[in-house]
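The exercises below treat the fold of a single protein, from its overall dimensions to individual strand pairs. Each task is followed by a solution in steps.

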Amino acid sequence: MEVVIVKDAKAGGELIAGAIADLLARKPDALLGVATGSTPLPIYDALIARTGAGDVDASRARICQLDEYVGLPAGHPESYRATVLRQVVEPLGLPESQFMGPDGSADDVQAACEAYDKALAEAGGVDLQILGIGTDGHIGFNEPCSSLASRTRIKTLIEQTRIDNARFFDDDIDQVPHHVITQGIGTILDARHLVLLATGEGKAEAVAQTVEGPVSSLVPASALQLHRHATVVVDEAAASKLK
Ligand code: F6R
């Protein structure tokens, strides 16, 4: 695992956008796994700016989701499909045919989870997976105590994550779904390069446990220690509890 400390979120976004640009130069149709939430936005902003300036050709890039809410009506603006379309796919000018994600409105959610793992494998696997981290160390929606070998599956959100995400639902926790589909930790570890961005003091404890603590299902992000190519990019505030 490599740890890179940057000045702030913008610098982290630019650094990671640079890694994506290098990947796309080597492999124009790379499969890029994207996370949602606030943290990765500077990455997407920097990547979109680079493509707009003509520095990067992302026209053949393929995008895939990390997770999705279960039970939101199709097209709900806070579904992760709609969010990734709005924040990444459309600004990069990519057709929806280059975008894949799990079907959170499927009648058979378990079958949808299995189909997504299969689709990722058939697409050749994720080349670079962007990750954020929860204050409790979750990645994707793999909350503490998730199996480190888990595959894409349905999970119940813990109360704290629903409280954290209520800001996307008019600050009304009752609107936040209880269930999600998430790539499992084992699925995430299949990606060829994992890049986790953490910014702000609120993530400092989770970062310290991820990087310096034992590998433990109590801190799902600590599974990155098991990966042969994992990069943790942290701003100075998120790095403040590293020894
Ligand atoms: C969402 C996801 C989550 C977030 C995490 C941090 O797709 O993967 O694990 O990365 O909850 O969220 P923010 O970045 O909003 O602090």
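The radius of gyration is taken here over C-alpha atoms, and the globule rule is 2.2 Å times the number of residues to the power 0.38. The model under study is predicted.

**Exercise 1. Overall dimensions**

Determine whether the radius of gyration of the protein agrees or disagrees with that of a compact globule.

Solution. Step one is the expected value: for 243 residues, the rule puts the radius of gyration of a compact globule near 18 Å. Step two is the value of the model, which is 17 Å, and the two therefore agree. Step three adds the extent of the chain: along the principal axes, the C-alpha atoms occupy a box of roughly 40 × 40 × 35 Å. Step four concerns the interior: 44% of the 243 residues are buried. Finally, among contacts with a separation of 6 or more, 79% are between residues 24 or more positions apart.

**Exercise 2. The seven-stranded sheet**

The protein has seven helices and 10 strands. State the order of the strands in the open sheet of seven, and identify which strands stand at its edges.

Solution. The order is S1-S10-S9-S6-S2-S3-S5, and the pairing is parallel. S1 and strand S5 (99-100) each have a single partner strand, so one side of each lacks a neighbour in the sheet and these two are the edges.

The pairs can then be followed across the sheet.

- S1 and S10 run parallel and share five bridges; Val6 lies opposite Asp235 in S10.
- Strand S9 (residues 193-198) is joined to S10 by five bridges, also in the parallel sense. Here Leu196 faces Val232 of S10, and Val195 faces Thr231 of S10.
- Strand S6 (residues 128-131) is linked to S9 through four bridges in parallel, with Gln129 opposite Leu194 in S9.
- Strand S3 (residues 62-65) and S5 are parallel and connected by two bridges; the bridge partner of Ile63 is Phe99 in S5.

Helix H3 (residues 80-89) packs on this sheet, where it touches strand S2 (31-34), S3 and S5. The direction of H3 makes about 145 degrees with that of S3.

**Exercise 3. Burial of S9 and S10**

Establish how many residues of S9 and of S10 are buried, and which residues of S10 point each way.

Solution. A residue counts as buried if 20 or more other C-beta atoms lie within 10 Å of its own. In S9, five of the six residues meet this criterion, so the strand is largely enclosed by the rest of the structure. In strand S10 (residues 230-235), six of six are buried.

The next step uses a general rule. Side chains in a regular strand alternate between the two faces of the sheet. In S10, Ala230, Val232 and Val234 point one way, while Thr231, Val233 and Asp235 point the other way, and all of them are buried.

**Exercise 4. Asp8**

Locate Asp8 and decide whether Asp8 is buried, exposed or partly exposed.

Solution. Asp8 belongs to the loop between strand S1 (2-6) and helix H1 (9-26). Asp8 has 13 other C-beta atoms within 10 Å and is therefore partly exposed. A link across the chain completes the picture: Val234 is 226 residues away from Asp8 along the chain, yet their C-alpha atoms are separated by 8.0 Å.

**Exercise 5. The three-stranded sheet**

Give the strand order of the open sheet of three strands and name its edge strands.

Solution. The order is S4-S8-S7, with antiparallel pairing. Strand S4 (67-69) and strand S7 (153-156) are the edge strands, since each pairs on one side only. From one strand to the next, the twist averages 30 degrees. S4 and strand S8 (residues 179-182) run antiparallel and are joined by three bridges, with Glu68 opposite Ile181 of S8. Helix H4 (residues 109-122) packs on the sheet in contact with S7 and S8, at about 125 degrees to the direction of S7.

**Exercise 6. The shell around the ligand**

Which residues come nearest to the ligand, and how does the shell divide into nonpolar, polar and charged residues?

Solution. The ligand has 13 residues around it, of which Thr36, Gly37, Ser38, Thr39 and Gly132 come nearest. By class, the shell comprises four nonpolar, eight polar and one charged.

How values were computed. Residues numbered from 1 in each chain as written. Predicted model: local features only at pLDDT ≥ 70, side-chain atom pairs only at ≥ 80, totals over all residues. Near = placed C-beta within 6 Å. Nonpolar A, V, L, I, M, F, W, Y, C, P; charged D, E, K, R; others polar. Pairing = 2+ DSSP bridges. Axes fitted to C-alpha atoms, helices over the stretch in contact; angles between N-to-C directions. Contact = placed C-beta atoms within 7 Å. Buried ≥ 20, exposed ≤ 12 C-beta atoms within 10 Å, placed from the backbone.
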